[in-house]
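Thanks for coming. I will take one protein chain from its overall build down to a few single residues. Please have the structure open while I talk.

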Amino acid sequence: MPVIEKKRTRDLPQINERIRFPKIRVIDTDGAQLGIMPPQEALQLAEEKELDLVLLSDKADPPVCRIMDYGKYKFEQEKKAREARKKQHTADVKEVKMRYKIEEHDYNVRVKQAERFLKDGDKVKATVMFRGREIQHSDLAEDLLKRMAKDLEPFGEVQQVPKKEGRNMMMLISPKK
C-alpha cells in the first residue's frame, strides 16, 4: 500500500481558498476598506475582479486580507528583499601589517589605511611581524600597537588587546557605532 504524503500547507502562501477564518477584514485594490465579511464572500469579490484574496496579517483581530494580484505582490516582495540585500554591508576584517622597527612615515601610512577601513565600517587587524631574533623585542611591538590604538581612538575601539600568535603580534580594532 503506497504512502500518500499530505502536502504541507504551512509552506504555502495564505491566499484564496487557503484562508481559514470565520470572519476577515477586507481591503480593496485601491486601499478602501470593504468591511468585515466571511472569506467566501470576499473570495467572490476577488474573483469578479479576476484577482486574488491575499492574507496580509493573521495576528490582527479579525485577520486582514487584501484583494490584489498575488503574482505581482510576490514579485514586489522579492524585489524589496533583493534591494535590502544590496544595501546591506558586511563588516570584513582588513589587515595592516608592519614590523616593530617601522619608520614614522610608514607608520602614518598604516594608520591612514586603518582609519579608512574603520570609516568604511570594516574591522582592522593590526599585525606586527617578527623575523629571527626580533621576537625578543615583543615589548616594543606591543608599545607600537598600543600607540596605533591611541591614534585610531576617534574612529574605533580595541576589540582584542595586543597578543602574540607565533611569530606575529596582533590586535583587533572595530569601528565605533
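First, a term: I call two strands paired if DSSP finds at least two bridges between them. By that rule strand S1, residues 24-27, and S2 are a pair, antiparallel, with four bridges. One of the matches to look for is Arg-25, whose bridge partner in S2 is Ile-36. Keep in mind that this is a predicted model.

Now the whole chain. It has four helices and eight strands, and along the sequence they come in the pattern β-β-α-β-β-α-β-α-β-α-β-β. How does its radius of gyration stand against that of a compact globule of 177 residues? The globule would be near 16 Å, but this chain has 30 Å. The C-alpha trace spans about 85 × 50 × 25 Å along its principal axes. Of the 177 residues, 31% count as buried. About 12600 Å² of the chain is exposed, and 49% of that comes from carbon and sulfur atoms. Taking contacts with a separation of 6 or more, 55% are between residues 24 or more positions apart.

Next, the sheet that holds S1. Four strands make an open sheet here, in the order S2-S1-S4-S3, with mixed pairing. Strand S2 (33-37) and strand S3 (52-57) are the edge strands; each has a single partner strand, so one side of each has no neighbour in the sheet. From one strand to the next the twist averages 30°. Helix H2, residues 70-87, packs on this sheet and touches S3 and strand S4 (64-68). The direction of H2 makes about 40° with that of S3.

Helix H1, residues 39-48, also belongs in this part of the talk. Which of the residues of H1 are buried? They are Pro-39, Ala-42, Leu-43 and Ala-46. These cover an arc of only 100° around the axis, which puts them on the same side of H1. The cover over the buried residues of H1 includes S1, S2, S3 and S4. On the face turned away from that buried side sit the exposed residues Gln-40, Gln-44 and Glu-48. Just after H1, Glu-50 has a positive phi of about 55°.

One loop residue deserves a stop. Asp-28 lies in the loop between S1 and S2. Is Asp-28 buried or exposed? The cut-off for buried is under 20% relative accessible area. Asp-28 has 11% relative accessibility, so Asp-28 counts as buried. Setting aside neighbours within four places in sequence, Asp-28 contacts Leu-34, Lys-49, Arg-66 and Ile-67.

Now the other sheet. This one is open as well, made of four strands in the order S5-S6-S8-S7, and the pairing is mixed. Strand S5 (93-99) and S7 are at the edges, each with a single partner strand, so one side of each is without a neighbour in the sheet. The twist here averages 20° from one strand to the next.

Strand S6, residues 123-129, runs antiparallel to S8, and six bridges join them. In that pair Ala-126 stands opposite Met-171 in S8. Helix H3 packs on the sheet and touches S5, S6, S7 and S8, and its direction makes about 170° with that of S5. Helix H4, residues 138-151, packs on the sheet too, touching S5, S6, S7 and S8. The direction of H4 makes about 10° with that of S8.

On the other side of S8 in the strand order is S7. How many bridges join strand S7 (residues 156-165) to strand S8 (residues 168-175)? Seven, and the two strands run antiparallel. Lys-163 stands opposite Met-170 in S8. S7 and S8 form a hairpin with two residues between them, and Gly-166 in the turn has a positive phi of about 65°.

Last, a residue on H3. Lys-112 is in helix H3, residues 104-119. The cut-off for exposed is over 50%. Lys-112 has a relative accessible area of 57%, so Lys-112 is exposed. The C-alpha atoms of Lys-112 and Asp-151 are 9.8 Å apart, while the two residues are 39 apart along the chain.

That is my tour; I will take questions.

Note on methods
Residues are numbered from 1 along each chain as its sequence is written. This is a predicted model: local features need pLDDT of at least 70, side-chain atom pairs count only at pLDDT 80 or more; totals for chains, interfaces and linings use all residues. Side-chain values use heavy atoms; hydrogens and water are left out. Axes are lines fitted to C-alpha atoms, for helices over the stretch in contact, and angles run from 0 to 180 degrees between N-to-C directions. Contact means heavy atoms within 4.5 Å. Buried means under 20% relative accessible area, exposed over 50%, partly exposed in between (1.4 Å probe, protein chains only). The radius of gyration is taken over C-alpha atoms; the globule rule is 2.2 Å times the number of residues to the power 0.38. Accessible areas come from the Shrake-Rupley method with a 1.4 Å probe; for residues, only the protein chains shown count as cover. The arc is that of the directions from the helix axis to the C-beta atoms.
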